[in-house]
Each structure stands twice: as C-alpha cells, then as structure tokens.
Amino acid sequence: VAEDIFRLVHDSRRHGRELHGKLDEVARLLQSVDAARSPSPQTRLLWARVLGDLDRHADARDVLLGLLADGPPAFLRAEVFADLGIAYAKLGARDHEIAAYGEALVHTSVDRGRSLLLSNRAEALMAVGQVSAAVE
C-alpha cells in the first residue's frame, strides 16, 4: 500500500499537481504502518516528504537522518540528501543545508536534478554571506 502512495506522491510532484486534500489521508495511512521505521527505504523517504509537506520539517529531518544512518540504497542517496537539504533550509540551518546539498551532488549524475541542487546550494551559500563560494 505504501509503495502505491509513494508513486502517487512522486507522480504528483513530478507533474506539478497537488494531492488535492489527500495529504492528511496519506499521512494517517503511513503513520498506521509505522512508516518511520519501515524496512523499505522508499516508504521512509515518502514519510519524510509527507511530513515536509505538512510543515513538520524537524520530524522530516529526523526520518531522513535515520534513513541515512541505516544506509539507503545508492539509487536513493541523492534524493535523501536533497530532501534533507530542503528540511534544513526550512529549519533555517544553513550550514547543514549546504552540507546536505553537497552530499546530494556527490551522488547525482549530470542531469536536470544536478542543476537544481547546485542552484539550491548557491542560494544557501549566499544566505550565509559566502557569495564567492556560491558563484563557484
């Protein structure tokens, strides 16, 4: 069930559509299956994203850090670090945000996602006054 919800949320984000009021329902379902401790890294990533969408950024950060501690599969690492960067940004933790985006870049190949990560990291660097580092 959680994997179906993961696809729904992923597709909705990819196509720029909102979940149209289903976010609370998705959150209840994921909470009922204890998504934060799921053996499935995709389910845990989904739970962190739902928490972020609910403006529960500290909780999202904690889920993502737990996922990283357990060693997510290589194909998910860039996404986990990118989402962690977003959570840190929402929490105002710029140094952690910059580090998370840097780690995401390590795990991202050259594609559209990489340019977004570079842009996000540059924005965070400028926010802490490191304009020259942002330009690099």
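Modeller: Quick word before we start: a helix is a DSSP run of H or I with at least four residues, a strand is a run of E with at least two, and both are numbered from the N terminus. Keep in mind, too, that this is a predicted model.

Colleague: Got it. Which pattern does the protein chain follow along the sequence?

Modeller: Start by counting the pieces: the protein chain has eight helices and zero strands. Reading along the sequence then gives α-α-α-α-α-α-α-α.

Colleague: How much of the protein chain counts as buried?

Modeller: A residue is called buried when its relative accessible area is under 20%. The protein chain has 136 residues, and the buried share of them is 39%.

Colleague: Which residues touch the most other members of the largest nonpolar core?

Modeller: Nonpolar side chains in soluble globular proteins tend to be buried together. The largest nonpolar core here has 26 residues, and the ones touching the most other members are Leu30, Trp47 and Val50.

Colleague: And which helices each supply at least two residues of this core?

Modeller: Look along the chain from residue 23 to residue 106, where you'll meet these helices one after another. The suppliers are H2 (23-32), H3 (41-53), H4 (57-69), H5 (74-91) and H6 (94-106).

Colleague: Let's zoom in on Trp47. What does Trp47 touch, not counting residues up to four places away in sequence?

Modeller: Trp47 is one of the best-connected core members, as we just saw. With those sequence neighbours left out, Trp47 touches Ala27, Leu30, Gln31, Ala35, Ala36 and Val63.

Colleague: Ala48 comes right after it. Is Ala48 buried or exposed?

Modeller: Ala48 sits in helix H3. Leaving aside neighbours within four places, Ala48 is in contact with Ala60, Val63 and Leu64. Its relative accessible area is 3%, and buried means under 20%, so Ala48 is buried.

Colleague: How far apart are the C-alpha atoms of Ala48 and Leu67?

Modeller: Along the chain, these two are 19 residues apart. In space, their C-alpha atoms are separated by 9.7 Å.

Colleague: How are H3 and H4 arranged, roughly parallel or roughly antiparallel?

Modeller: H3 packs on H4 with axes 7 Å apart, at an angle of about 165°. Residues of H3 including Trp47, Ala48 and Leu51 meet residues of H4 including Ala60, Val63 and Leu64. Angles over 145 degrees count as roughly antiparallel, so H3 and H4 are roughly antiparallel.

Colleague: What classes of residue make up that contact of H3 with H4?

Modeller: The two helices meet in a left-handed crossing. Sorted by class, their contact has nine nonpolar, three polar and two charged residues.

Colleague: On to H4 and H5. At what angle do their axes cross?

Modeller: The axes of H4 and H5 come within 9 Å. The two helices are roughly antiparallel, which calls for an angle over 145 degrees. The crossing angle is roughly 150°.

Colleague: How many nonpolar residues are in the contact of H4 with H5?

Modeller: The contact includes Leu64, Leu65 and Leu68 of H4, along with Phe81, Leu84 and Tyr88 of H5. Beside one polar and three charged residues, the nonpolar count is 11.

Colleague: Last pair: how far apart are the axes of H5 and H6?

Modeller: These helices pack at about 165°, which makes H5 roughly antiparallel to H6. H5 passes H6 in a left-handed crossing, and residues meeting there include Phe81 and Ile86 of H5 and Ala100 and Tyr101 of H6. Their axes are apart by 8 Å.

Methods:
Residues numbered from 1 in each chain as written. Predicted model: local features only at pLDDT ≥ 70, side-chain atom pairs only at ≥ 80, totals over all residues. Heavy atoms only, no water. Core = buried A, V, L, I, M, F, W, Y, C linked by side-chain atoms within 4.5 Å. Buried < 20%, exposed > 50% of the residue type's maximum accessible area, 1.4 Å probe, protein only. Contact = heavy atoms within 4.5 Å. Axes fitted to C-alpha atoms, helices over the stretch in contact; angles between N-to-C directions. Parallel < 35°, antiparallel > 145°, perpendicular 65-115°, else oblique. Left-handed = near helix turned anticlockwise from the far one by under 90°. Nonpolar A, V, L, I, M, F, W, Y, C, P; charged D, E, K, R; others polar.
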